[in-house]
Amino acid sequence: MTGTLTQTAPLAQAHAQVHALTPEPGPGLGLPLAHGVGSRHDLPLSPFYAYAGAFTALLVSFLALGLLWSSSRFRGDLSGRPLPAALQRVADAPATRTALRFLGAVAALVFLLHLLLGPDDPDRNPAPGAVYVLLWVGLVPASLLLGPVWRLLNPLRAAHSLHPPRKPRPLPAAVGIRPAALGLLLFTWLELVAPDNTSTTTLLAAFALHAAVQLGGAARYGDRWFAHADPFEVYSSLLARLSPLGRRVDGRLVLRSPFHGLDSTPQTPGLVAAVCVLLGSTAYDGLSDSPRWITTLQTSPLGPVPTATLGLLAAVALVAACYGLCAGALRLMNRTLTTPLTSFAHSLLPIALGYLTAHYFSLFVTEGLRTVMMAGGTDNALAPAPFLGPGGLATLQVTAIVTGHVLGVVAAHDRSVRLFPPDRAVAGQLPLFALMIAYTLGGIGLLIA
């Protein structure tokens with residue numbers, strides 16, 4: 001998370017070993033913060049074994065699926081083992097929903113009080129860590145374990161519910177989740193590129209803009225606006241597709257294989273854009289920690305911020321272009337496939353999850369605890385020592401990336417045997433398989449290059 005908490009001197013000292021091989025950034029860039037322990041450029045991992053292992057895992061998975069998996073097995077939101085009725089009644093009770101909304105509102109109020117009254121120093125003010133670590137990174141495990149939790153905690157939903165519009169206008173179907181995809185891009189720009197992104201002024205301005213857009217849209221279109229336009233709600237909902245907790249089409253709370261939840265991902269406009277932003281921004285985060293990129297920012301005639309902005313946009317565009325080419329190849333192989341872009345977009349979600357885990361897991365464990373300590377009143381709290389050494393972190397990172405891609409291959413295969421004729425089901429996956437190999441090798445390259 002190169003852009004997050006970049007202006008923190010004690011934090012930089014705590015991570016001194018991370019940047020031992022990294023040149024000092026230029027003026028205005030701050031000191032990069034890595035993802036826990038060990039620089040990706042000196043992790044004790046053999047590039048040969050990392051690449052060979054990843055390629056072997058993908059190839060074996062692809063061949064095994066082609067031989068043993070001839071018909072679609074995922075049933076989306078029709079599947080799942082119902083949880084006890086008493087548990088569902090508690091989960092759906094108005095008192096439970098009210099308590100969760102109250103919890104989200106209290107957390108938002110505490111955050112605002114720290115911004116308004118706290119020191120403009122991220123080593124003494126927990127607000128930056130609350131946004132960039134507890135919210136952005138913390139939503140990953142929370143959504144995987146509990147489902148789309150931000151929908152229940154979202155303080156802006158709670159504020160809107162106090163004065164909902166009497167006759168909200170229908171939201172055009174073509175909107176999809178495109179506003180949320182744009183919001184995700186803007187947030188990742190704030191996190192990874194924006195100067196002074198930990199200052200209270202910057203965070204207050206960002207929060208005010210976010211609140212104005214969300215509450216303004218909800219005043220026009222009703223509370224359905226949040227499910228389409230709130231970047232954190234869409235982010236949480238997409239990750240929750242891989243949660244073992246879900247709801248069937250009849251509304252019953254169930255336990256199910258994450259593959260079924262993944263298969264039920266709506267093919268809505270903007271899905272590809274949202275997933276490509278997640279993949280591209282995480283890829284840029286990895287690139288931005290490299291000495292060569294830091295030197296580029298220092299020497300660019302455009303200046304560091306415009307250059308970094310172009311770098312982030314280029315990373316997202318590259319991910320999207322590769323997937324677009326893959327979708328075009330799928331369309332050529334099967335003329336009856338009317339929506340190739342969205343038909344297989346769900347298979348990118350496990351890959352995005354693998355990237356997020358690889359990049360931010362250790363950061364969440366260390367900086368998340370530090371943020372909580374500061375919120376409890378401990379000034380200049382130091383992050384605890386990472387519980388994984390460089391070797392353990394390298395193994396976790398590569399395993400997360402490879403596992404995400406293998407899960408993506410499985411999801412894509414099941415969708416392929418459903419949409420393609422039997423004699424072309426395996427061949428129809430070759431573009432996706434090539435894309436996932438490229439994504440895998442690129443992701444590992446960002447870790448160990």
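Let's start with C322: at 29% relative accessibility, C322 counts as partly exposed. I should say right away that this is a predicted model. The other cysteine I'd like to show you is C276, and here the picture changes: C276 has a relative accessibility of 1%, so it counts as buried.

Now, how many disulfides does a search of the whole structure find? The count comes back as zero. Take C276: its nearest cysteine sulfur belongs to C322, 9.2 Å away, and C276 is in no disulfide. Turn to C322 and you get the matching answer, with the sulfur of C276 as the nearest cysteine sulfur, at 9.2 Å, and no disulfide for C322 either. The cut-off for a disulfide is sulfur atoms within 2.5 Å, so that pair, at 9.2 Å, is not counted as one.

C322 also takes us to a helix pair, so please rotate to α16, which covers residues 304–333. Its partner here is α9, residues 178–192. The two pack at an angle of about 135°, and their axes are 11 Å apart. That makes α9 and α16 oblique to each other. As for handedness, α9 passes α16 in a right-handed crossing.

Which residues of α9 and α16 meet? On the α9 side, look for L185, T188, W189 and L192. Facing them from α16 are V305, T309, L312, L313 and V316. Sorted by class, this contact has seven nonpolar residues, two polar ones and no charged ones.

That's my tour for today, friends. Thanks for listening!

Definitions and conventions. Residues numbered from 1 in each chain as written. Predicted model: local features only at pLDDT ≥ 70, side-chain atom pairs only at ≥ 80, totals over all residues. Heavy atoms only, no water. Axes fitted to C-alpha atoms, helices over the stretch in contact; angles between N-to-C directions. Helix = DSSP H or I, 4+ residues; strand = E, 2+ residues; numbered from the N terminus. Parallel < 35°, antiparallel > 145°, perpendicular 65-115°, else oblique. Left-handed = near helix turned anticlockwise from the far one by under 90°. Contact = heavy atoms within 4.5 Å. Nonpolar A, V, L, I, M, F, W, Y, C, P; charged D, E, K, R; others polar. Buried < 20%, exposed > 50% of the residue type's maximum accessible area, 1.4 Å probe, protein only.
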